[in-house]
Amino acid sequence: MTGDSSAINNLLSHITDRQRAVVVNRFGLEGKEPQTLATIGDVFGITRERVRQIEVGSIATLRADFMKDKALGAMVNEAEKALKGMGGIGKDEDFVKACAPFGGGMSGPHLVFLARVSEQFHFSAETESLHSFFYSDQKALKKAEALIIKLSKYMNAKQGRVSSGSGRDLLSDFVRTEKGDEAFAKRCVSVSKAFHVNAFGDFGMAAWPEIQPQTIRDRIYLILKKKREPMHFREIAGSINDVGLGKKLALVPTVHNELIKDQRFILVGRGMYALQEHGFEPGTARDVIAR
């Protein structure tokens with residue numbers, strides 16, 4: 001059984017041209033970004049509320065026609081089954097991939113549209129704390145939310161393991177402790193913006209500076225933490241840029257200034273810096289070698 005965007009086009013043929021234009025633009029069904037009520041209203045010279053009314057009425061009509069469409073109904077059943085096989089939750093791109101074997105040309109916007117029309121599964125748009133994702137029902141959503149909260153508490157209690165370089169197994173340790181499903185936990189992690197993997201492959205909370213450094217000082221610290229030996233300030237700047245820590249290039253003068261200001265960084269030789277927590281003491285290269 002195959003399903004592609006032509007099946008959706010057939011369904012849309014049951015409503016008026018203006019209704020179709022509103023639905024297509026609201027969901028981005030023709031390859032463009034979904035548009036706001038205000039943007040569509042400006043095109044037609046009507047209010048946002050009127051656009052919303054047209055959208056709601058169109059979806060109600062399409063839902064009735066969808067119930068009679070065996071091909072689309074079968075595809076949506078497959079999509080619902082695939083989502084439940086993912087534990088009931090999946091980041092949008094992951095769900096699109098899961099639907100590829102039977103969905104043909106179905107894209108993310110197509111699946112968002114079908115979720116709305118069929119009500120057999122659901123879509124949650126991106127927020128400040130979550131990426132956009134699909135979920136099968138409220139039970140799966142609540143389970144995912146509870147896991148994210150519990151994992152966040154567990155991670156924050158184990159932050160020292162990340163700092164010491166042994167944080168990569170935290171998720172697996174959590175799953176074993178909770179006797180849960182690691183695949184489901186990973187899908188929850190992918191949905192939440194609270195977690196992140198840094199350039200060195202360390203998993204942790206996005207708010208931790210050693211996971212997602214926000215300042216140049218944090219980036220310097222992470223580089224020296226991983227190197228575990230003195231580095232010249234020019235080498236530090238180069239490493240920050242090579243690893244890709246931050247969107248802007250780290251400038252050598254800026255790195256040098258931050259090294260001078262922060263007491264965590266110890267001058268151990270001409271232009272050479274190391275972390276005080278690694279047991280280094282200030283002095284000339286001769287002093288360091290002698291110690």
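**Loops, cores and helix contacts in a predicted model**

Glu-119 lies in the loop between H7 and strand S2 (122-124). The model is predicted. Phi of Glu-119 is near 60°, a positive value in a residue other than glycine. Most residues other than glycine have a negative phi. Glu-119 counts as exposed, because its relative accessibility is 52% and the exposed class begins over 50%.

Lys-179 also has a positive phi, near 55°, and is likewise not a glycine. The loop between H10 and H11 holds Lys-179. With a relative accessible area of 79%, Lys-179 is exposed.

Two glycines with positive phi come after helices. Gly-28 follows H2, with phi near 65°. Gly-244 comes just after H13, and its phi is about 90°. Within H2, the buried residues are Val-22, Val-23, Val-24 and Phe-27.

The largest nonpolar core has 31 residues. Leu-12, Phe-95, Phe-113, Leu-114 and Phe-121 touch the most other members of this core. Six helices each supply at least two of its residues: H1 (5-12), H2 (17-27), H4 (48-66), H5 (70-85), H6 (92-103) and H7 (108-118). The contacts of Leu-114 give a local view of this region. With neighbours within four places in sequence left aside, Leu-114 is in contact with Ile-8, Leu-72, Met-75, Val-76 and Met-106. Leu-114 also contacts Glu-119 and Phe-121. Glu-119, the loop residue with positive phi, is thus met again as a partner of Leu-114. A second core is separate and has 26 residues, including Ala-144, Ile-148, Phe-174 and Ile-211.

Val-56 belongs to helix H4. Val-56 is partly exposed, with a relative accessible area of 41%. The C-alpha atoms of Val-56 and Ser-136 are 22 Å apart in space, and the two residues are 80 residues apart in sequence.

Two packed helices are described by the angle between their axes and the distance between the axes. The axes of helix H8 (residues 138-157) and helix H11 (residues 182-191) come within 10 Å. The two axes cross at roughly 85°. H8 and H11 are therefore roughly perpendicular to each other, as angles of 65 to 115 degrees are classed that way. On the H8 side, the contact involves Lys-143, Ala-144, Leu-147, Ile-148 and Leu-151. On the H11 side, Phe-184, Ala-185, Cys-188 and Val-189 take part. Eight residues of this contact are nonpolar, none is polar and one is charged. Ala-144 and Ile-148 of H8, both in this contact, are also among the members of the second core.

Asp-173 is found in helix H10 (residues 170-178). Its relative accessibility is 16%, so Asp-173 counts as buried; the limit for that class is under 20%. Not counting residues up to four places away in sequence, Asp-173 touches Tyr-154 and Arg-161.

Helix H13 (residues 233-243) has buried residues at Phe-233, Ile-236, Ala-237, Ser-239 and Ile-240. Seen down the axis of H13, these residues fall within an arc of 160°, so they line one face of the helix. An α-helix has 3.6 residues a turn, so residues three or four places apart point the same way. The face of H13 turned away from the buried side carries exposed residues Arg-234 and Asp-242. The cover over the buried residues of H13 includes helix H12 (216-227), strand S6 (231-232), helix H14 (252-261) and strand S8 (272-275).

Two residues of H13 illustrate its two sides. Phe-233, in H13, counts as buried at 12% relative accessibility. Beyond its neighbours within four places in sequence, Phe-233 is in contact with Val-252, Val-255, His-256, Leu-259, Gly-271 and Tyr-273. Phe-233 and Leu-267 are 34 residues apart in sequence, and their C-alpha atoms are 9.9 Å apart in space. Arg-234 is likewise in H13. With a relative accessible area of 54%, Arg-234 is exposed. The C-alpha atoms of Arg-234 and Met-272 are separated by 9.1 Å, although the residues are 38 residues apart along the chain.

Definitions and conventions
Residues are numbered from 1 along each chain as its sequence is written. This is a predicted model: local features need pLDDT of at least 70, side-chain atom pairs count only at pLDDT 80 or more; totals for chains, interfaces and linings use all residues. Side-chain values use heavy atoms; hydrogens and water are left out. Buried means under 20% relative accessible area, exposed over 50%, partly exposed in between (1.4 Å probe, protein chains only). Helices (H or I, at least four residues) and strands (E, at least two) are DSSP runs, numbered from the N terminus. The arc is that of the directions from the helix axis to the C-beta atoms. Contact means heavy atoms within 4.5 Å. A nonpolar core is a set of buried Ala, Val, Leu, Ile, Met, Phe, Trp, Tyr and Cys residues joined through side-chain atoms within 4.5 Å. Axes are lines fitted to C-alpha atoms, for helices over the stretch in contact, and angles run from 0 to 180 degrees between N-to-C directions. Angles under 35 degrees count as roughly parallel, over 145 as roughly antiparallel, 65 to 115 as roughly perpendicular and the rest as oblique. Ala, Val, Leu, Ile, Met, Phe, Trp, Tyr, Cys and Pro count as nonpolar, Asp, Glu, Lys and Arg as charged, and the others, Gly among them, as polar.
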